[in-house]
Structure formats: structure tokens, C-alpha cells
Amino acid sequence: MDIDVAALSPRERYALLIASILPRPIAWVSTVNKAGVTNLAPFSFFTGITGNPMSLCFAPVNSRDGIVKDTLVNIRETGEFVVNVVTEDNVEKANLTSATYPYGVSEFEKAGLTPVPSAQVRPPRVKESPIHMECRVLQIVAVSDGALGGNLVIGQVVQFHADDPLLKDGAIPHERLKAVGRLEGAWYSKTREAFELVRPK
Ligand SMILES: Cc1cc2nc3c(=O)[nH]c(=O)nc-3n(C[C@H](O)[C@H](O)[C@H](O)COP(=O)(O)O)c2cc1C
């Protein structure tokens, strides 16, 4: 297969991206609107960027009808969000929060999740996740408008929380975190079949 992507529909291009870029870590992003109503949704177009400042990014993509995700609406309003990490223990609840609810309906309530106040930002953390990264927006890069267009949200992590049982000698071994990754379609992967490969000098 060798394709000039100009000949493909946006859906076909998206399908090739999710089948080729994997496993993808999942940012479970909590936000609030101006009125303080909470919102929660998973995003697997997500990665860390730098340690100086501590920064990360994720991509809310518009719907097929060109509707912007509530997460992005809230981040534009408040400039703040929390990335909670998705693990084997909470992935089913995280999936529940990906359902489309009317703006202003809280996925915390719908999925039976517990909001915990953050230290530095207004959006709450998700108690059922063992790692929380409180973020302030550095930049929102508009990639494209309309159907299946989207934005890249770049945030600075201002506060980092990890549940104590995760820690071993001050680090977080993947065997304790049990993070999951998103594959294509409805598939996920675990992080237990890991192997070590030391970088050459
Ligand atoms: C595991 C998983 C990963 C997802 N990743 C993304 C993503 O990277 N970008 C995106 O726009 N939607 C993604 N979605 C879909 C959103 O979670 C879904 O559209 C959600 O309803 C958005 O919520 P909001 O409108 O409250 O922000 C993902 C869904 C799941 C289950």
C-alpha cells in the first residue's frame, strides 16, 4: 500500500493514524466551565513535551459535524485542566466518560467518579486515577476548523501528584502504575509485557 493522502477522506486518514501510531497513552482530562461545572474525557492523541518547563500536549478533534469538544470549550474559558492517568483499574470508567453528553453534564456523575480538589487549578482531580498533573495552558495551536479538524492543547504542569504505593525508591515503576494504551478500533494494550533495552553510549 502506498497512498497519496490527498486522495483520502479525513476519516480514512484518521483510521491510518490510529492504526499506525500505537500504543497511545491516554490523558483523562478534567476541566470546569466558568460556572464551575466539571467535565471529564479521555484523549489518546497525547504526549509529554519537555521537562523545562514540565509540559505536555493533547489533541481534541472536532466531531464529524464540526462540533468542538466540551474539554476544549472549557480550556479556552479557564486556561486550566488536569491530566489523570488511565490504568487497568480505571479504564472502564474512563471509557464511560467518552460518551457524548450535552454541554454542562458532568461525566464525573455519569460514570460514578470522585472529584478531588486540585492544589493549584480549579478543575478537580479524579480520585480513581493514581497520577494527576495539574496544568495551565501555554498555547492552543489551531490545526484546522470544521469536521474532523482540531487543535493541539499545550499545557505546563504546575503540580504533580502520585499515590504513595506507586513509588519505589522515589521512582514510578511501570509494573506498579499498570497504565494502558489505546490501539486501533476498540482495542487497548497493557504495559506488562515490557522489555529493557539500554541505549548505546
Ligand atoms: C480511549 C479514548 C481515547 C480518545 N482519544 C481522543 C483524542 O485523542 N481526541 C479526541 O478528540 N477524542 C478522543 N476520544 C473521544 C473523546 O473522549 C470523546 O469525544 C468525548 O466525548 C469528548 O468529551 P468532551 O466533549 O466532554 O470533551 C477518545 C475516546 C477514548 C475512549
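In the predicted model, a hairpin connects β4 to β5 by way of two residues. The two strands, β4 (residues 46–51) and β5 (residues 54–58), pair in the antiparallel sense over four bridges. At the turn, G51 is placed opposite M54 of β5. The loop between β4 and β5 contains P53, and the peptide bond that joins N52 to P53 is cis, with an omega of about 0°.

Strand β5 also pairs with β10; these strands run antiparallel and are joined by four bridges. Within this pairing, S55 has Q156 of β10 as its bridge partner. The residue that follows, L56, likewise belongs to strand β5. L56 is classed as buried because 20 other C-beta atoms lie within 10 Å, the cut-off for burial being 20 or more. When residues up to four places away in sequence are left out, the contacts of L56 are T47, G48, I49, V83, M133, G155 and V157. Of these, T47, G48 and I49 fall within the range of β4 (residues 46–51), whereas V83 falls within that of β6 (80–85), M133 within that of β9 (131–144), and G155 and V157 within that of β10 (150–162). By contrast, A19 stands 37 residues from L56 in sequence and 22 Å from L56 in space, C-alpha to C-alpha.

The ligand is surrounded by 17 residues, of which A41, F45, K69, D70 and T71 are the closest. By residue class, this shell comprises eight nonpolar, six polar and three charged residues. Two elements, β3 (38–43) and α2 (70–78), each contribute at least two residues to the shell. The largest share, four residues, is supplied by β3.

Helix α2 also holds a set of buried residues, namely D70, T71, L72, N74 and I75. D70 and T71 thus appear both among the buried residues of α2 and among the residues closest to the ligand. In an α-helix there are 3.6 residues a turn, so residues three or four places apart point the same way. The cover over the buried residues of α2 includes β2 (27–32), β3, β6, β9 and β10. Strand β3 therefore takes part in this cover as well as in the shell around the ligand. Just after α2, G79 adopts a positive phi of about 75°.

Several further backbone features were identified. Most residues other than glycine have a negative phi, and most peptide bonds are trans. A second cis peptide bond joins L22 and P23, with an omega of about -5°; P23 is located in the loop between α1 (10–20) and β1 (24–25).

Positive phi values also occur at residues that are not glycine. L148, in the loop between β9 and β10, has a phi of about 60°. L148 counts as partly exposed because 16 C-beta neighbours lie inside 10 Å. K178, in the loop between α5 (174–177) and β11 (180–182), has a positive phi of about 55°. K178 is also partly exposed, since 18 other C-beta atoms are found within 10 Å.

Key: Residues numbered from 1 in each chain as written. Predicted model: local features only at pLDDT ≥ 70, side-chain atom pairs only at ≥ 80, totals over all residues. Near = placed C-beta within 6 Å. Nonpolar A, V, L, I, M, F, W, Y, C, P; charged D, E, K, R; others polar. Buried ≥ 20, exposed ≤ 12 C-beta atoms within 10 Å, placed from the backbone. Contact = placed C-beta atoms within 7 Å. Pairing = 2+ DSSP bridges.
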